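Colleague: I should be grateful for a close look at one part of this model, namely the second helix and its surroundings. Please set it in the context of the whole chain.

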Amino acid sequence: MGILTWIILGILAGALAKFIMPGIQGGGIIATMILGIIGAFVGGFLGSIIGIGSVHGLNIGSIFTAAFGAIVVLWLFNKFR
């Protein structure tokens, strides 16, 4: 999967994670997009390790897997911030 697709998927995942975990996280939209991109990578990695699938292309399953990773990254960001 190309880097541009990872970035687009990460932005979508970050927005979805922010929608699922609303609140005052700080950082604004840029930080949310960056955390979403990191979350896409984390979601793909965790999904392939535990066997629920990985991120392949821009589809619904990949968006949910990446959003799961973005939620994990957002939660960790809030814990350590």
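Modeller: In this predicted model, the buried residues of α2 pack against both α1 and α3. The buried residues in question are T32, L35, G36, G39, A40, G43, G44 and G47. The helix that carries them, α2, runs over 28-50.

As to its dimensions, α2 contains 23 residues, and the distance from its first C-alpha to its last is 31 Å, close to the 33 Å expected at 1.5 Å a residue. Directly after α2 comes G51, which has a positive phi, near 85°.

The partners of α2 can be described in turn. The buried residues of α3 pack against α1 and α2, and they are S62, I63, T65, A66, A67, G69, A70, V73 and L74. With 21 residues at 1.5 Å a residue, α3 should span 30 Å; its end C-alpha atoms lie 30 Å apart, so the model agrees with the expected value.

One buried residue of α2, A40, also belongs to the largest nonpolar core. That core has nine residues, the others being W6, L9, A13, A17, I63, A66, A67 and A70. At least two residues of this core come from each of α1 (3-20) and α3 (60-80).

A further feature involving α2 is a cavity. Two cavities of 30 Å³ or more are counted in the model, and the second largest holds about 30 Å³ of space. Its lining consists of G14, A17, T32, L35, G36, A70 and L74. Each of α1, α2 and α3 supplies at least two residues of the lining of this second largest cavity, but α2 gives the most, with three residues. By character, the lining of this cavity comprises four nonpolar residues, three polar residues and no charged residues. Two members of the lining, A17 and A70, are also found in the largest nonpolar core.

Turning to the whole chain, the secondary structure comes to three helices and zero strands, in the order α-α-α along the sequence. Of the 81 residues in the protein, 32% are buried. Among contacts between residues at least 6 apart in sequence, 70% join residues at least 24 apart.

To return to the request, α2 is a helix of 23 residues whose buried residues pack against α1 and α3, and which gives three residues to the lining of the second largest cavity.

Terms used
Residues numbered from 1 in each chain as written. Predicted model: local features only at pLDDT ≥ 70, side-chain atom pairs only at ≥ 80, totals over all residues. Heavy atoms only, no water. Core = buried A, V, L, I, M, F, W, Y, C linked by side-chain atoms within 4.5 Å. Buried < 20%, exposed > 50% of the residue type's maximum accessible area, 1.4 Å probe, protein only. Helix = DSSP H or I, 4+ residues; strand = E, 2+ residues; numbered from the N terminus. Expected span 1.5 Å × (residues − 1). Contact = heavy atoms within 4.5 Å. 1 Å grid on protein atoms, 1.4 Å probe; cavity = no way out; pocket = protein on both sides within 12 Å on 5 of 7 lines; lining within 4 Å. Points joined across faces, edges and corners; volume = space filled by probe spheres on them. Nonpolar A, V, L, I, M, F, W, Y, C, P; charged D, E, K, R; others polar.
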